[in-house]
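Reader: I am new to reading models like this one. Can you take me through some of the labels and show how each is earned?

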Amino acid sequence: MDTYITTPIFYVNAQPHLGHAFTTIVADTYCRYRRLCGDEVMFQTGTDEHGEKIVQAAQGAGVSPREYVDRISLMFRETWPLLAIKPDNFIRTTDPVHIKTVQDILQKVYNQGDIYFSEYSGLYCRGCERFLTEKELVDGKCPDHQVAPEPITEQNYFFRMSKYQQWLIDHINNHPEFITPERYRNEVLSFLKEPLEDLCISRPTSRLTWGIPLPFDDRFVTYVWFDALINYLTGIGYPGGENFSRYWAVAEHIIAKDILKPHAIYWPTMLCSIGLVPYKKLHVHGYWNIGETKMSKSLGNVVRPAEMVEAYGADTVRYFLLREMSFGLDSGYSADALLIRQNSDLANDLGNLFSRSLTMVAKFAGSRVPAAGTPTEIDRELRDAAMTMIDTYRREMDHFAFNRALAAVWEVISRANKYIVENAPWDLAKDADKRERLDTVFYYLLETLRLISLTIEPVMPATAVKMRQALGLGHEPDLTTQATWGLLAPQSVITLPEALFPRLDTGKKKKTGPAQAGDKPLKTMTPTENPEDENLISFDEFKKIDLRVAEIVAAEKIKKSDRLLKLTVMAPEERTIVAGIAEFYEPEQVVGKQVIIVANLKPTKLMGIASHGMVLAIKDKGSLSLSAVSSQVTPGSKVS
Ligand code: MSP
């Protein structure tokens, strides 16, 4: 199937920021995903270079508009590769071919009587480059630019948008997926309940010359939206180009809600007047906010993509943005949240799973993919989880629910990490009779990793390449042929990769290895926590403490924390205890151990996890030793 994906063309009155980057990352990710599904995709982005605010910005910079737009447009063009974004076409509205296309369309629409000359009074927002209705104002101001619009009366040319109102309502009603998510479709339909006004499409050259002259009246240049929206046609060679006939009917535009009205109302009515079918879909996302406010160049609260890439790497930035935002809703940006995603989801969950799996295969299987033996229930469970992940992933990606698609992948990553703990390959390796079992565990792990590497390709292309190389996969990733279980060839060679993601400390300095004892003061959860406390307690007081033997049956690291492990213990009932021992014990080292716990401590939440008790441990000269029982006892036995 063919698909044509576009981003808005961004104004060049300021440099690219995270908001622009997000839309363009979404577009790039979706294109990569569709290619992974075997589709032919054309991806276009670009810059919007005419209009009043560009002239003002150029004046502010003390250069000509031409020099200015060249400079900023180049910044956009150079930013995208830093984020692994690869558009097929980068369009500029100052391209001569675009200017000609706009003029041809204006002439055509004028000739058929859909453009007329008239006087208009209205409230004009320079930020939006359009007249706003009273209803759109909040406290008399434009909600996006926080400035009161200016009353303007002018003679201008108008596009008969009102003529197409009923057609547009019918089209939206007959094509439920035309505008998604649904909330924006509803917003547009509700707006269309009021009579639609005609659209002012020109500016007098007495006020603005930096625009495209109207072909039928050179005292005017075209108004910014009539120029800008047509970029989507120019880029694929309208009217005669081969790409145009191939791609127009499958065009999908991606925008944020700020430009919903031009895309959902002006553009389809313009297309109808031009005699073209409307685009196929409009995907609308929410804002990245800083605090409660939209991140925007006019408010000056922006985050620069290049700086983010410098600090975290392109794959982390892409993952973070797509994982954090629920498409259609607003999201708050915070560097802390990014750091947490990097350390927990990427370094801990995916990075650890990958490196410990491959390290064990190197150590215990001579770096070759072993052939699986007869699977057991636990293996089939992992395989089923991985196959369900592929289905969920595809369904969610198809609907632009990138956060949910990634959550499905991370569920399997977490399942696979547990699978390692449950199977304890390091123990299986000690027993020659368990060779087949060990091989099966390794095969199931590697196969799961192969499927994970397929799903993350659109979001984290560089990481996917590293994973595929380490797994010895030669072919280009392809969801249509490679998403079945069991394709990894036994005996193929794996290579040990470098860590996929570095762990970053909270001061954002890069660390190369795992956390070292002594990096941070250790705050253990042992009774020695308060050594200065010299108060003696009575026997009755001591009797209140319910000390018991607990057997650890599962352990896992906790996202966002270097020092906490989440333990599942039997004492004798199953309970969760969060213990501050992660700097001294790997999860797999503690499973099976019997320890002493304080069982009647009031439950408390640590990193969002309710902890029901405390594991006793002994702190000695910077090391930590778990309390133990000298011989195996029944879990839950009282300690007195
Ligand atoms: N030039 C017009 C678009 C013409 S398209 C035919 C324009 N340019 S813009 O530079 O202001 O870009 C607006 C777009 O940038 C938004 O629709 C969105 O894609 C992106 N974003 C800008 N700020 C953003 C946020 N704070 N959050 C999310 N996206 C943001 O409008």
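Author: Start with a cut-off. Buried means under 20% relative accessible area, exposed means over 50%, and partly exposed is in between. Keep in mind that this is a predicted model.

Reader: Why is Glu 194 called partly exposed?

Author: Its relative accessible area is 41%. Partly exposed is the class between under 20% and over 50%. So Glu 194 counts as partly exposed.

Reader: What makes Lys 135 exposed?

Author: Lys 135 has 68% relative accessibility. Exposed means over 50%, so Lys 135 counts as exposed.

Reader: How do you know that Lys 135 and Glu 194 meet in a salt bridge?

Author: The rule asks for a side-chain nitrogen of Lys or Arg within 4 Å of a carboxyl oxygen of Asp or Glu. For Lys 135 and Glu 194, the N to O value is 3.5 Å. The pair therefore passes. By this rule the count comes to 44 salt bridges.

Reader: What makes Glu 457 and Arg 32 a salt bridge?

Author: The rule again says within 4 Å. Here N to O is 3.4 Å, so the label fits. Glu 457 lies in the loop between helix 17 and helix 18, and Arg 32 lies in helix 1, so the pair ties together parts that are 425 residues apart in sequence.

Reader: Are Glu 457 and Arg 32 buried or exposed?

Author: Glu 457 is at 13% relative accessibility. Arg 32 is at 13% too. Buried means under 20%, so Glu 457 counts as buried, and so does Arg 32.

Reader: How do you know that Glu 177 forms a salt bridge with Lys 281?

Author: Their closest N and O atoms are 3.2 Å apart. The limit is within 4 Å, so the pair counts. Glu 177 sits in the loop between helix 5 and strand 7, and Lys 281 in strand 13, so the pair ties together parts 104 residues apart in sequence.

Reader: Why is Lys 281 called buried?

Author: Lys 281 is at 14% relative accessibility. The cut-off is under 20%, so Lys 281 counts as buried.

Reader: Now the ligand. What makes the pair formed by Asp 258 and the ligand a polar contact?

Author: An N or O atom in the side chain of Asp 258 is 2.8 Å from an oxygen atom of the ligand. A polar contact needs N or O atoms within 3.5 Å, so this pair qualifies. The protein buries 97% of the 670 Å² that the ligand exposes when taken alone.

Note on methods:
Residues numbered from 1 in each chain as written. Predicted model: local features only at pLDDT ≥ 70, side-chain atom pairs only at ≥ 80, totals over all residues. Heavy atoms only, no water. Helix = DSSP H or I, 4+ residues; strand = E, 2+ residues; numbered from the N terminus. Buried < 20%, exposed > 50% of the residue type's maximum accessible area, 1.4 Å probe, protein only. Polar contact = N/O pair within 3.5 Å; in protein donor to acceptor, adjacent residues only side chain to side chain. Areas by Shrake-Rupley, 256 points an atom, 1.4 Å probe, with all protein chains shown as cover.
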